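Colleague: I am new to this structure and would like to learn how to read it. Could you take me through it feature by feature?

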Amino acid sequence: DILNLEILNIQISITNIGFYLTIGAIIILGLSILANNYNKIVSNNWSIAQESLYMTIHGIVINQINGKNGQIYFPFIYTLFIFILINNLIGMIPYSFASTSHFALTFALSFTIVLGATILGFSRHGLKFFSLLVPAGCPLPLLPLLVTIELISYLARNVSLGLRLAANITAGHMLLSILSGFVYNIMNSGIIFFIVGLIPLLFIIAFSGLELAIA
């Protein structure tokens with residue numbers, strides 16, 4: 001815990017994940033304020049960057065969901081994307097904490113999103129929603145087996161989506177930490193080893209760029 005307080009016999013504590021999520025929210029709010037054009041004709045650089053990101057995500061939503069009905073879900077998808085992006089980038093800062101590597105957070109996101117999508121599917125399509133579990137052109141004798149497999153796969157998304165995000169962030173950070181310690185020990189062993197250590201150091205820099213792209 002970063003901070004522990006007790007007020008009127010009520011224990012109040014701020015954990016790492018709570019602290020960095022708060023920082024992420026402040027950064028998102030600050031970027032939104034900077035990108036606000038205040039009805040000016042000429043956009044500033046922040047506004048242009050946000051509009052480009054907005055149009056990119058909007059195009060993906062329209063293509064993947066629906067050109068007409070997909071507009072309804074765009075604000076939520078855009079907000080979720082920005083939330084994950086900012087918190088991933090915060091985790092790239094040395095000695096910071098990657099909140100998206102915390103499985104409790106990513107599982108909560110994936111579970112609520114899959115649950116919400118399921119409820120929305122039943123509300124819009126009724127029992128026809130179960131047709132999602134029936135592969136196209138499925139032979140009748142294989143139908144029970146394939147429906148069972150599809151059902152398990154659908155339910156597993158509650159865990160797999162959150163686990164994938166947390167595992168990607170955690171694995172990248174762990175690999176960078178191990179390689180950095182290895183290179184540090186090599187370069188501290190003498191002049192010759194210092195020169196030799198420049199080769200894996202370049203690899204670490206390149207891998208950091210890849211990790212930044214993944215974030």
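Modeller: Gladly. Let us start at a small spot: just after α4, Gly126 takes a positive phi of about 65°. Keep in mind throughout that this is a predicted model.

Colleague: What is the length of helix α4, and how does its reach fit the value expected at 1.5 Å a residue?

Modeller: The general idea is to multiply the rise of 1.5 Å by one less than the number of residues. Helix α4 covers residues 103–125, which is 23 residues. Its first and last C-alpha atoms lie 32 Å apart, close to the expected 33 Å.

Colleague: Which residues of α4 are buried?

Modeller: A residue counts as buried when its relative accessible area is under 20%. In α4 that holds for Leu105, Thr106, Ser110, Val114, Thr118 and Gly121. These buried residues pack against α1, α3 and α5.

Colleague: Is there a general way to think about which residues on a helix face the same way?

Modeller: Yes. An α-helix makes a turn every 3.6 residues, so residues three or four places apart point the same way.

Colleague: Let us try the length check again. What span should helix α3 have, and what do its end C-alpha atoms show?

Modeller: Helix α3 runs over residues 74–91 and has 18 residues, so at 1.5 Å a residue it should span 26 Å. The C-alpha atoms at its ends are 26 Å apart, which agrees.

Colleague: Which residues of α3 are buried, and what do they pack against?

Modeller: The buried ones are Phe74, Tyr78, Ile82, Ile86, Asn87, Asn88, Ile90 and Gly91. They pack against α1 (16–34), α2 (45–64) and α5 (143–187).

Colleague: Two asparagines are in that list. Why does Asn87 count as buried?

Modeller: Asn87 has a relative accessible area of 1%, so it falls under the 20% cut-off. This residue lies in helix α3. Setting aside residues up to four places away in sequence, Asn87 touches Tyr20, Leu21, Gly24, Ser99 and Thr100.

Colleague: And what about Asn88: is it buried or exposed?

Modeller: Asn88, also placed in helix α3, is buried, with a relative accessible area of 4%. Its side chain makes a polar contact with the side chain of Thr100, at 2.5 Å.

Colleague: Gly24 appeared among the contacts of Asn87. Where is Gly24 placed?

Modeller: Gly24 is in helix α1. With a relative accessible area of 1%, Gly24 is buried. Leaving out residues up to four places away in sequence, it touches Ile86, Asn87 and Ile90. A useful habit is to compare separation along the chain with separation in space. Gly24 and Phe83 are 59 residues apart along the chain, while their C-alpha atoms are separated by 7.5 Å.

Colleague: How far apart in space are the C-alpha atoms of Ile17 and Pro144?

Modeller: They are separated by 43 Å, with their positions 127 residues apart along the chain. Ile17 is in helix α1 and counts as buried at 18% relative accessibility. Its contacts, apart from neighbours within four places in sequence, are Phe97, Ser99, His102 and Leu105.

Colleague: Which residue could show me the exposed case?

Modeller: Take Leu202, in helix α7 (residues 198–214). Leu202 has a relative accessible area of 59%, so it passes the mark of over 50% and is exposed. Leu202 and Gly181 are 21 residues apart in sequence and 14 Å apart in space, C-alpha to C-alpha.

Colleague: Now let us step back to the whole chain. Which domains does the domain assignment give?

Modeller: The assignment gives domain 1 (1–98) and domain 2 (102–214). The contact takes 14 residues from domain 1 and 12 residues from domain 2. Taken over C-alpha atoms, the centres of the two domains are 20 Å apart.

Colleague: How should I read the interface between domain 1 and domain 2?

Modeller: Look at the area, then at the kinds of contact. Domain 1 and domain 2 bury about 1100 Å² between them, with 78% of it on carbon and sulfur atoms. Across this interface the rule finds 0 salt bridges and 0 residue pairs in polar contact, counting pairs with both residues at pLDDT 80 or more. On the side of domain 1 that touches domain 2, the elements giving two or more residues are α1 and α3. The largest share of that side, 7 residues, comes from α3.

Note on methods
Residues are numbered from 1 along each chain as its sequence is written. This is a predicted model: local features need pLDDT of at least 70, side-chain atom pairs count only at pLDDT 80 or more; totals for chains, interfaces and linings use all residues. Side-chain values use heavy atoms; hydrogens and water are left out. Helices (H or I, at least four residues) and strands (E, at least two) are DSSP runs, numbered from the N terminus. Buried means under 20% relative accessible area, exposed over 50%, partly exposed in between (1.4 Å probe, protein chains only). Contact means heavy atoms within 4.5 Å. Domain bounds come from an automatic or database domain assignment. Buried area is the accessible area (1.4 Å probe) that two parts lose on being put together, summed over both. A salt bridge is a side-chain nitrogen of Lys or Arg within 4 Å of a carboxyl oxygen of Asp or Glu. A polar contact is a pair of N or O atoms within 3.5 Å; within protein, one must be able to donate a hydrogen and the other to accept it, and residues adjacent in sequence count only if both atoms are side-chain atoms.
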